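Work through these exercises with the structure in view. Try each task before you read its solution.

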Amino acid sequence: MTIDKSWTTIRRRGSSNEFWNGLQHFLQMAKPFVNDRGFIKCPCKRCLNNASHQLEDLESHIFRNSFMFEYNQWIHHGEPATANAGTTVAGPSGGIHERDEMFDVLDDIISEDVDEDAVGGPSSNDQYDDLFVALRSELYPGVSSFSSLNFLVKLMHLKVLNKWTNKSFNELLKLLKLAFPKIDLVESHYEAKKLMTKMGLGYSSIHVCKNDCALFWKENSLKDTCPVCSESRWKLQSGKRSGKNVPHKVLRYFPVSPRLKRLFATSKTAKLMRWHSTGKSKDNDVMRHPVDGKSWQEFDKRHPQFAGDVRNVRLGLAADGFNPFGNMSLSYSMWPVVLTTYNLPPWICMKVEYLMLSLLIPGPQSPGKDMDVFLRPLIDELKELWVHGLDTRDAAYENGVFRMRAELLWTVNDFPARSSLSGWSGQGYRAYPTCNEDTPSMRVIGKTA
């Protein structure tokens with residue numbers, strides 16, 4: 001009997017039932033050949049049968065790294081050495097793999113880090129193993145259409161949409177555990193958040209001096225006092241540091257690069273990232289997108305190398321303060337810094353789901369002239385994307401890899417926010433940015449003159 005091996009060459013593995021059926025058949029065939037410690041050689045592109053793992057780990061390895069091309073006869077996994085490769089129907093289908101949508105999600109996520117052809121082999125990062133464990137686990141015995149991971153993602157989505165508190169989420173988890181003792185679910189919001197972080201698009205917490213002088217980041221990350229004003233990094237009680245180190249302020253930084261890579265990881269959004277080139281107006285008198293404006297066209301003339309690849313990203317930055325406590329009398333100003341991607345068509349680029357929160361600047365006061373201190377992580381990353389770029393998988397064209405670069409076209413803000421972002425005063429004689437020193441003026445002697 002010949003063995004179907006065609007599934008080993010499928011590239012879009014997460015969305016293919018043929019791949020998952022073939023993989024399950026392979027694992028069943030290899031099961032009797034594990035050693036006395038439960039290990040067996042791994043035929044993924046990274047391990048190349050040189051490393052051994054437990055059988056349950058082979059599934060995630062082969063999915064993440066794909067099957068090695070040179071392994072035509074599976075002599076380490078149950079195929080007789082004299083057998084010839086053939087074509088037949090793979091093993092029995094069924095289970096979570098056929099129906100669970102999270103396989104497609106993980107396929108897109110992993111495709112960002114794995115480059116099988118152009119960047120020197122697949123990733124060696126094992127951060128996805130816990131996700132595969134949750135994906136293989138049935139939510140409840142007998143419920144094969146809903147994995148534990150799928151249910152948790154949907155539950156976290158409901159938490160965000162309905163603004164549940166962490167405490168209420170923990171109470172719900174306890175109730176579900178009490179009502180369904182055999183349910184496979186995390187114990188707390190902390191554990192759920194820890195698992196979701198492995199899906200990417202997390203954020204970094206950066207401590208800030210209480211006087212907004214500097215960030216405790218990079219060269220200052222290990223310091224306990226501000227390098228500018230010498231204030232303590234930590235909150236003090238009666239002049240002494242408390243048992244647990246609590247920083248005065250925390251800046252939340254959401255890296256831009258993984259979010260841009262995620263846009264190219266799926267074929268749908270990867271194609272939309274070219275719209276500014278293929279869908280722009282052909283009428284010179286009509287402007288329906290920034291690509292039709294003079295600023296965009298002038299930039300392309302000055303930087304033809306950047307404009308030569310339509311996949312390079314054009315960004316806009318918006319920032320303003322708001323009071324997160326709503327209508328309460330408490331005075332507090334928190335500043336989100338949001339990026340929008342102008343590669344996308346106009347009916348998409350301003351939708352909430354396509355706006356990227358890059359910084360969440362803490363209060364209680366507006367950052368004012370110290371805005372540049374908080375912007376440093378974002379500016380450093382944008383410089384890196386402009387100068388060096390980032391190897392990115394393009395799912396729209398056979399998962400090809402290209403060097404993605406990005407540039408910031410402009411900022412969107414009101415006058416006070418413009419003063420903070422540019423450092424140029426929004427008050428006084430030179431407040432108007434267009435006229436600057438040539439501002440026409442007339443001296444008013446008195447209020448009634």
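Buried means under 20% relative accessible area, exposed means over 50%, and partly exposed lies in between. Keep these cut-offs at hand. The model is predicted.

**Exercise 1. Two loop residues**

Task: Place Val 352 and classify Val 352 as buried or exposed.

Solution.
- Step 1: find the place. Val 352 sits in the loop between helix H14 (346–349) and strand S10 (356–361).
- Step 2: take the relative accessible area. For Val 352 the value is 67%.
- Step 3: compare with the cut-off. Exposed means over 50%, so Val 352 is exposed.
- Step 4: look at a partner along the chain. Thr 340 is 12 residues away in sequence, and the two C-alpha atoms are separated by 9.5 Å.

Task: Now do the same for Tyr 342. Is Tyr 342 buried or exposed?

Solution.
- Step 1: Tyr 342 lies in the loop between strand S9 (335–341) and H14.
- Step 2: the relative accessibility of Tyr 342 is 5%. Buried means under 20%, so Tyr 342 is buried.
- Step 3: list what Tyr 342 touches, leaving out residues up to four places away in sequence. Among them are His 276, His 289, Pro 290, Trp 296, Arg 314, Trp 410 and Val 412.
- Step 4: Gly 316 is touched as well. Gly 316 is 26 residues from Tyr 342 along the chain, with 7.2 Å between the C-alpha atoms.

**Exercise 2. Looking for disulfides**

Task: How many disulfides does a search of the whole structure find? Explain the result for Cys 213 and Cys 229.

Solution.
- Step 1: recall the bond. A disulfide is a covalent bond between the sulfur atoms of two cysteines.
- Step 2: set the cut-off. The two sulfur atoms must be within 2.5 Å.
- Step 3: test Cys 213. The closest cysteine sulfur belongs to Cys 229, at 3.7 Å, which is too far for a bond.
- Step 4: test Cys 229. The closest cysteine sulfur is in Cys 209, at 3.5 Å, again too far for a bond.
- Step 5: give the total. The search finds zero disulfides.
- Step 6: add the exposure. Cys 213 is partly exposed at 26%. Cys 229 is partly exposed too, at 29%.

**Exercise 3. Helix H2 and its partners**

Task: Describe how H2 packs against H5 and against H1.

Solution.
- Step 1: know what to report. Two packed helices are described by the angle between their axes and the distance between the axes.
- Step 2: take H2 (residues 55–65) with H5 (residues 129–136). The angle is about 115 degrees, and the axes are 10 Å apart. That makes H2 roughly perpendicular to H5. The crossing is right-handed.
- Step 3: name the residues. H2 brings Glu 56, Glu 59, Ser 60, Phe 63 and Arg 64, while H5 brings Asp 129, Phe 132 and Arg 136. By class, this contact has two nonpolar, one polar and five charged residues.
- Step 4: take H1 (residues 17–30) with H2. Their axes come within 11 Å and cross at roughly 150 degrees. That makes H1 roughly antiparallel to H2. This crossing is right-handed.
- Step 5: name the residues again. H1 gives Phe 19, Trp 20, Leu 23, Gln 24, Phe 26, Leu 27 and Ala 30, and H2 gives Leu 55, Leu 58, Glu 59, Ile 62 and Phe 63. The classes here are 10 nonpolar, one polar and one charged.
- Step 6: check how covered H2 is. Nine of its 11 residues are buried. Leu 58, His 61 and Asn 65 are among them.
- Step 7: step past the end. Just after H2, Ser 66 has a positive phi of about 70 degrees.

**Exercise 4. Helices H6 and H7**

Task: Which residues of H6 and H7 meet, and how do the helices cross?

Solution.
- Step 1: H6 (residues 148–161) and H7 (residues 166–179) pack at about 145 degrees, with axes 11 Å apart.
- Step 2: the crossing of H6 and H7 is right-handed.
- Step 3: Phe 151, Leu 155, Met 156 and Lys 159 of H6 meet Asn 166, Phe 169, Leu 172, Leu 173 and Leu 176 of H7.
- Step 4: sort these by class. There are seven nonpolar, one polar and one charged.

Notes: Residues are numbered from 1 along each chain as its sequence is written. This is a predicted model: local features need pLDDT of at least 70, side-chain atom pairs count only at pLDDT 80 or more; totals for chains, interfaces and linings use all residues. Side-chain values use heavy atoms; hydrogens and water are left out. Buried means under 20% relative accessible area, exposed over 50%, partly exposed in between (1.4 Å probe, protein chains only). Helices (H or I, at least four residues) and strands (E, at least two) are DSSP runs, numbered from the N terminus. Axes are lines fitted to C-alpha atoms, for helices over the stretch in contact, and angles run from 0 to 180 degrees between N-to-C directions. Angles under 35 degrees count as roughly parallel, over 145 as roughly antiparallel, 65 to 115 as roughly perpendicular and the rest as oblique. A crossing is left-handed if the near helix is turned anticlockwise from the far one by less than a right angle, and right-handed if clockwise. Contact means heavy atoms within 4.5 Å. Ala, Val, Leu, Ile, Met, Phe, Trp, Tyr, Cys and Pro count as nonpolar, Asp, Glu, Lys and Arg as charged, and the others, Gly among them, as polar.
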